[in-house]
Amino acid sequence: MPELPEVTTTVMGLNEVLPNLTITDVWSDYFLRTKNKQTDTIKNKKYFEYFTRCVVGSTVLTTERRGKNILIRLDNNHTILIHMKMTGHLLYGKYRQNLNVWKSDDPFLSDPFNQFIHLVFTLSNGAHLAFSDMRKFAKVTLFETNTQDTISDLSLLGPEPLEQTSPQLFTRQLQKKPNGKIKTVLMDQGVVAGIGNIYSDEILWSAGVHPETVVKNISKENILKIFTAMKKILQQSIQMGGDSMSDYRNIYGKRGEFQHSHKAYRQTGKPCLKKGCSGTIVRKVIGGRSAHFCDTHQTV
Ligand SMILES: [Zn+2]
């Protein structure tokens with residue numbers, strides 16, 4: 001699932017191309033091809049009709065990120081909210097439509113992971129903003145921009161780890177879940193926003209903290225190590241264009257590079273790369289998710 005660095009990479013890309021473009025048409029087959037017909041998303045046909053009425057003719061002002069959500073601000077007091085979930089990613093370029101299949105001649109947009117197009121915005125410059133989503137778990141909806149504080153997808157989110165979080169605030173946020181296991185708590189979007197399975201594994205490996213450590217038992221010193229590792233690793237991945245070990249691609253259809261820097265995530269059985277550590281990376285299911293960690297230097 002795209003996490004903070006991947007969503008940031010997408011948003012930075014959208015801000016290179018979308019501002020001042022008008023949406024001239026919208027196409028989707030989500031409501032035909034998805035069993036889950038949530039009433040307030042475009043997976044519902046009636047909602048998609050409303051969505052189309054609101055966005056066609058509007059002009060994009062800017063795009064922002066909040067947690068793992070993409071917020072496309074329109075000039076008519078509406079914001080498009082996209083949560084990419086497991087396999088969703090936005091792609092920008094020229095597409096051709098043949099019946100219900102959208103294709104591009106661009107070699108990057110033709111990457112096999114970019115072929116699951118279920119939503120397309122046609123733009124006033126003749127280009128398209130397409131959304132590839134193999135598993136079709138993504139959420140696409142719309143809200144009136146001045147009602148943002150009432151939108152639960154956003155209002156329940158914890159602070160942004162890069163822009164809003166100080167060591168003191170981070171400590172207070174963790175302490176909201178004193179009996180939680182640290183990996184699970186780091187991935188709780190109400191504690192800090194934007195961290196998922198990849199970055200929680202990498203942060204805890206770097207900090208030398210076992211993922212099952214209960215929050216109230218973590219020393220002050222180790223909380224600071226986790227905080228420092230969190231900032232460093234998220235920034236490092238943004239600089240590398242995010243992580244494309246799985247489906248994620250940037251808006252030009254290209255891979256990020258962070259998957260080549262994994263020290264723990266999906267490195268099961270490999271020797272630990274920490275200097276002086278002779279441990280091995282192991283995998284264990286914690287809170288329903290796979291955790292990867294060193295059996296030696298990450299201690300409870
Ligand atoms: Zn180790």
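Contact here denotes heavy atoms within 4.5 Å of each other. The structure described below is a predicted model.

The chain is divided into two domains, domain 1 spanning residues 4–155 and domain 2 spanning residues 173–294. Their centres, taken over C-alpha atoms, are separated by 28 Å. To the contact between them, domain 1 contributes 27 residues and domain 2 contributes 20 residues.

Helix α5 (residues 167–174) has four buried residues, namely Leu 169, Phe 170, Gln 173 and Leu 174. These residues lie on the same side of α5, because the arc that they cover around the axis is only 135°. Gln 168 and Arg 172, on the other side of α5, are exposed. The cover over the buried residues of α5 includes α6 (182–186) and α8 (220–239).

The largest nonpolar core comprises 36 residues, of which Phe 51 and Ile 80 touch the most other members. Helix α3 (residues 45–55) supplies the largest share of this core, with five residues. When neighbours within four places in sequence are left aside, the contacts of Phe 51 are Val 26, Ile 42, Ile 80, Phe 121, Val 140, Thr 141 and Leu 142. A second core, separate from the one above, contains 28 residues, among them Ile 182, Tyr 199, Ala 229 and Ile 233. In soluble globular proteins, nonpolar side chains tend to be buried together.

A zinc ion is bound by four protein donors: Cys 272 (SG), Cys 277 (SG), Cys 294 (SG) and His 297 (ND1), at 2.1 to 2.3 Å from the ion. The angles among the four donor atoms are 100 to 120°, and the site is tetrahedral. Along the chain, the donors of the zinc ion follow the spacing C-x4-C-x16-C-x2-H. Of these donors, both Cys 272 and Cys 277 are buried.

Backbone geometry was also examined. Most residues other than glycine have a negative phi. Asn 20, which is not a glycine, has a positive phi of about 75°. This residue, Asn 20, is found in the loop between α1 (4–17) and β1 (23–28), and is exposed, with a relative accessible area of 66%. A positive phi also occurs at Lys 136, with a value near 60°. Lys 136 is placed in the loop between β9 (128–133) and β10 (139–144). With a relative accessible area of 23%, Lys 136 is partly exposed.

Technical notes: Residues numbered from 1 in each chain as written. Predicted model: local features only at pLDDT ≥ 70, side-chain atom pairs only at ≥ 80, totals over all residues. Heavy atoms only, no water. Core = buried A, V, L, I, M, F, W, Y, C linked by side-chain atoms within 4.5 Å. Buried < 20%, exposed > 50% of the residue type's maximum accessible area, 1.4 Å probe, protein only. Helix = DSSP H or I, 4+ residues; strand = E, 2+ residues; numbered from the N terminus. Arc of directions from axis to C-beta. Donors = N, O, S within 2.8 Å, 3.2 Å for Na, K, Ca; no water. Tetrahedral: all angles 85-135°; square planar, octahedral: opposite > 155°, others 65-115°. Domains from an automatic or database assignment.
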